[in-house]
Amino acid sequence: MDVDIRPVTAEEWPEYIRVEHIPFGVQVSDEEMKVQSQRYGAWNSIAAFEEGRVVATAGDWDMDLTVPGPREVHAPGVTAVGVLPTHRRRGLMTALMRRQLDDFRGRGEAVATLLAAESVIYGRFGYGWATTSAAAELERAHGVFVDSLGQRAPLRLVDKTEAAKVLPDIFDQVRRVQPGEISRPDGWWHQFIRDPEWARDEGGSELFHVVCHDGADAGYASYRLEHGWPDNIPGYTMRVNQLAASSPTVRAALWRYCLDVDLVATVRFENIPTNEPMRWRLRDPRRLRTRTVSDFLWVRLIDVARALEARRYRVADRVVLQVVDAFLPENEGRYELDAGPDGARCRRTNADPDVTLPVAALGSAYLGGVALTALAQAGRVEETRPGGLARADLLFGAADPPFCSTDF
Ligand SMILES: CC(C)(COP(=O)(O)OP(=O)(O)OC[C@H]1O[C@@H](n2cnc3c(N)ncnc32)[C@H](O)[C@@H]1OP(=O)(O)O)[C@@H](O)C(=O)NCCC(=O)NCCS
């Protein structure tokens, strides 16, 4: 049967929304559809149509990615990828990915990002796992710091209306200097603040938002509570969905808040960096038990030269990379990267390569989240000139691992 892949019109948007949710096991209610119907254009949407009906969906948010420097590069955030269970494994996602990457190239994009429902899905399209997130849990009784915080920065619980006003600016301040973070469009915030019950993966209360201001610095935590009174003893679980802070002082104040709420027995931080500094502030750090370490943001270099020029590098050096890109062959070739802390120049070359690697591996190393040496040990990268890997690692490395906190 013929399938047509094309952008979605405003009239087709409700059907797109309905189909987009089915692969994720969500049936959109009439009431929810009324809200979603007004969101046409929140992101760019394309779909596969069979006999005029939507059978598969994809889209992309208009976002900026913070890269080492820190600097920003415009990077569409791929979202809403789904294929009806009746149409799976016929190549529809592949067709959507092909169309989407062609569109991105046409729009002049250098980089794209996504979060993967399953880590097996997107490597074949040249996306590489680029940031890592951890979920960790602590019994509140063990949440004691090694030091007292002294004069505390003031904290304020805000309702949805105020959260919608203050959280976006605070997050913007944080994400602009954190490689791996991405900007959040209005449509993203709208859905986050609205916090519909069906979108809460593991249930729990509506989100509470607590805000902290400390001079020019600021931060917030957004969390849910799961109620529990086992044997008449308070045993709530707090699930911290978001915690963003522009300074260590604000971060510590927000952690302290989360670890001090009465009736809570367990605090679960759902998305923290693997090198979370607060772990080192706990008197009994082993009690912060890491439950999950997982891939989070995936990065795809669409225009290798422009993407590599967009970031800054740890040392000054010149390396030649041979990039293999089966899905986007126009990207393939040898690139000379002449780069340092103050700037980068990347040009096609015929010189012998220091390192040969698939574009997905370059996407993984792009934000400094993994060493190329580690990828070589995993058989994903090849050193083609002695010493080439070590030099490339010095160049691409980051002082801190990149981190992304935006679920999209
Ligand atoms: C993931 C999903 C979009 C794949 O769509 P699809 O149209 O079946 O994918 P394709 O037919 O284009 O598959 C292309 C290749 O990827 C493989 N593949 C696709 N999804 C896979 C999965 N979940 N696990 C393992 N392999 C997968 C296919 O087997 C195929 O491999 P092949 O080329 O070696 O035969 C679809 O299964 C889906 O909607 N899943 C639920 C929602 C979801 O996870 N969406 C992704 C959100 S990030």
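Here's a walk through one sheet, the helix lying across part of it, and another helix with two contrasting sides. Keep in mind that this is a predicted model.

Let's start with the sheet. It is open and has seven strands, which run in the order β10-β11-β12-β13-β14-β9-β15 with mixed pairing. The two ends of that order are β10 (155-158) and β15 (289-295), and since each has a single partner strand, one side of each is left without a neighbour in the sheet. Going from one strand to the next, the twist averages 20°.

Now zoom in on the β10 edge. In general, strands of a sheet pair through backbone hydrogen bonds, either parallel or antiparallel. Here, β10 pairs with β11 (residues 208-214) in the antiparallel sense, over four bridges. If you want a spot to click on, try L157, whose bridge partner in β11 is V210.

What lies across this part of the sheet? Helix α4 (residues 160-175) does, lying across β10, β11, β12 (217-226) and β13 (236-245). Its direction makes an angle of about 125° with β12.

Next, turn to helix α2 (residues 30-37). Which of its residues are buried? Look at E32, M33 and Q36. Viewed down the axis of α2, the buried residues fall within an arc of 100°, so they line one face of the helix. Elements covering these buried residues include α1 (13-21) and α5 (186-194). Swing round to the other side of α2 and you'll find D30, E31 and K34 exposed.

Definitions and conventions: Residues numbered from 1 in each chain as written. Predicted model: local features only at pLDDT ≥ 70, side-chain atom pairs only at ≥ 80, totals over all residues. Heavy atoms only, no water. Pairing = 2+ DSSP bridges. Axes fitted to C-alpha atoms, helices over the stretch in contact; angles between N-to-C directions. Contact = heavy atoms within 4.5 Å. Buried < 20%, exposed > 50% of the residue type's maximum accessible area, 1.4 Å probe, protein only. Arc of directions from axis to C-beta.
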